[in-house]
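Colleague: I would like a close look at a single part of this protein. Please take one residue, describe its surroundings, and then go on to the aromatic rings.

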Amino acid sequence: MILPLTATYRLQLHAGFTFADAIEHLDHYAALGVSHLYLSPIQTAQAGSNHGYDWVPPPEVSPALGGIEGLRALRAAATARDIGLIVDIVPNHTGIEDPRQNPWWWDVLRLGAASEYSGYFDIDWSKDNGAEGKIALPVLGSPDDLGALDIDTDGNEPELAFYEHRFPLAPGTYDPANPASATSVHQEQSYRLVPWNIGVIGYRRFFSVNGLAGLRQEDPAVYAATHTLVRQLVAEDLTDGIRVDHPDGLADPAGYLANLRADIGPERVLLIEKILSRSEPLDPSLPVDGTTGYEVLRAVGAVLVDPEGEGPMGDLHQRYSSDRGDNLWLEATERHLKLSILDETFPAERARLRRTLVATANGADVPAAEDLDVAIGAVVAGLGVYRSDYPVLSGTLESLLDTERKRLPALSSSFDLIGSAVTSDAESRARLAQVCGAVTAKSVEDCLFYRTARLVSLQEVGGSPGVFADSLDDFHHFNTDRASAWPRALTSLSTHDTKRSEDVRARIGFLSQIPERWAELTDRSQARNPAPAGVTGLFLRQNLFGVWPVDGVITAELRARIHDYATKAIREGGVGTTWTEVDEAFESAVHTWLDQIFDGPCADDLTELVHDTRHHLESDAVVQKALALLAPGIPDVYQGTEWFDDSLVDPDNRRPVDYSQSVDHPKVAVVRTALHLRRRRPDVFVAGDYHALSASGPAAAHVVAFGRGERGTGVSVIVAGCRWTARLEDSDWEQTTLELPAGTWRELLTGADFTGSVATARLATSVAILERAEE
């Protein structure tokens, strides 16, 4: 039986938290009011994986999680509590970090194009691929490393060894009775080990992760082989829905989703991890229920940011980084980063795309490779979305090509070739889309958002940090559209992919309300303990404020977490150091600077600020949660975020949840109230209308309010939250009112009843959830 979907609780499964562990905490999840557990990938993954996105074939439930029997037990125990299951799947790629653990990949390396699995992977077999038509594997440090190759004969079959790496040998290429050198044996294989930094790679990756190889789901045989478990889950009724990881990486997302919808049927929910730009709609022709909710995260956070902070925060950014961190700078920097990352990280993908485009010319004159590469860069840098081949974005690429022809007329023939190839050739269309998505992810979310710091809470997956704050009209328009078009899409505030937890973002967003005080603290901190780089100091100080404990006690665990985060942040940002060219002196300076903050007078300043503003910080976190839980869509509670959570980026946000925490907590109260209300009133929240509401009086702008109701029947639930509390005068708050529709309204967090025009000060200190009493 497919259970009705009203709210999800997202669990990160791994060997340390299995199906059995989830069963132990089912009573807690049920008490929160969730209708479904949303499970991270459950398929067998590479040994030691803590996330499951590096799954390996054949598709089966991971023994480390409890296997199929463990899943059946969880399904039964959850169903007994009226809780369903949604399962995350990963169609775009499979794990190959250790080829021995992936039998399909191992067979391809062993037999090359003759392998029955050779068409499963998106392999570049071209003679021009930089490896003479062999599968280029970027594992060497330098060409000289070929001298370190060896033949490992300890196992059942001899293997090519490069330190801890092992690779198969094709039949007949090694004779133990007459052994040849490892380098000569290597030459006879279908693969070629190459240095990691020469821009040669023999297969499509997930973004730039060499250990994740792209799959060709456009081939019916590949789809059939990779979805046997999905069909089993449906046949046994072990899942109520599917979440699809990164469909934008596929050659044909729409075709893939149509196949998947046919497999799971029309009733089960189908959600996709699709990152939308601020103005980009989800294509309505897709057979899905919606996205996993990054766009909601942006909208809910932005309406709580105080626009009056934009000028002062821009001034502060200008003083420390020579730019204001505004939209003009961000757009120019994004374009520059996309071009440089295309050159440095994705030259193999660009070369493969270029060859695909040229192949469509059918012998006609083609532009020089250098010109075509520049034109590809212009398209990738200017597109503004992950991929433009969805029907709803029809005309986007054509418009960009027209613009670029005018800007770079000498490259007109290159732009013409791109346009004609993408129009007429499915492979060209797919490869351009895949390159655009990978470059966008690595240059924006994984680089730009780590090297600017006007207000880092806006620098999130799917975020638009150039837009400092959203108006109430923006917020209401967004929710009205969502209620109409995507009422079963997820509403997320935290995921394993977010750069920081919802509460850390709420804290940092609060700085927009006190920009002058924050600037004073920053200047004083810089005078006492200068940061190794201006923008690095701004960025890390805001994140420190986001996680700083109210009591000011920096435990050894928190210190280590922040140091780990700082290492990742500065390498991602590429200011002073990078992942591939580590500057140990710069990194050491950053870590010394952090320790001086922890152990010096700067710590007292942060503790004082957090202590003085703690009620505002908690208010913003609770209001943000309430707005997200009761807005259009299906709310998704990431594990542990029913309490205040100070997590930073992965892997910090995968830490074990302490379920022994007290449920007598303001955030837990909001979660329980909202989710139980949703379960009682699905016609209001899953299929209902959205009504923008506004307050009256001197503090009206401080109220974010909306109503929900059954389709066409008016308002039956009201949510009203307070924002910008740092500059809210008590007298103004008492003179501001919210007009309630006719009837008696019960405030569910306090139990108080209200009618008519009510002073907002009487409703609640931060957020009110009102339900019309039955007459």
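Modeller: What follows starts with one arginine and then turns to ring pairs and a charge over a ring. The model is predicted.

R100 lies in a loop, with β4 (93-95) on one side and α4 (103-111) on the other. The relative accessible area of R100 is 43%, and since partly exposed covers the range between under 20% and over 50%, R100 counts as partly exposed. Setting aside neighbours within four places in sequence, the contacts of R100 are W106, E159, E164 and R166. P409 is 309 residues from R100 in sequence, and their C-alpha atoms are 51 Å apart in space.

Now the rings. Across the whole structure, a search gives 19 aromatic pairs. F162 and Y163 have ring centres 4.9 Å apart, and their planes meet at 70 degrees; an angle over 60 counts as edge-to-face, so this pair is edge-to-face. How exposed or buried are the residues of this pair, F162 and Y163? F162 has a relative accessible area of 5%, which is under 20%, so F162 is buried. Y163 has a relative accessible area of 57%, which is over 50%, so Y163 is exposed.

Elsewhere, one aromatic cluster is made up of Y9, Y29, W643 and Y659. A ring can also have a charge over it: the charged end of R723 sits over the ring of W724, at 3.7 Å from the ring centre.

Note on methods
Residues numbered from 1 in each chain as written. Predicted model: local features only at pLDDT ≥ 70, side-chain atom pairs only at ≥ 80, totals over all residues. Heavy atoms only, no water. Helix = DSSP H or I, 4+ residues; strand = E, 2+ residues; numbered from the N terminus. Buried < 20%, exposed > 50% of the residue type's maximum accessible area, 1.4 Å probe, protein only. Contact = heavy atoms within 4.5 Å. Phe/Tyr/Trp six-rings, centres within 6.5 Å; stacked < 30°, edge-to-face > 60°. Lys NZ or Arg CZ within 6 Å of the ring centre and 35° of its normal.
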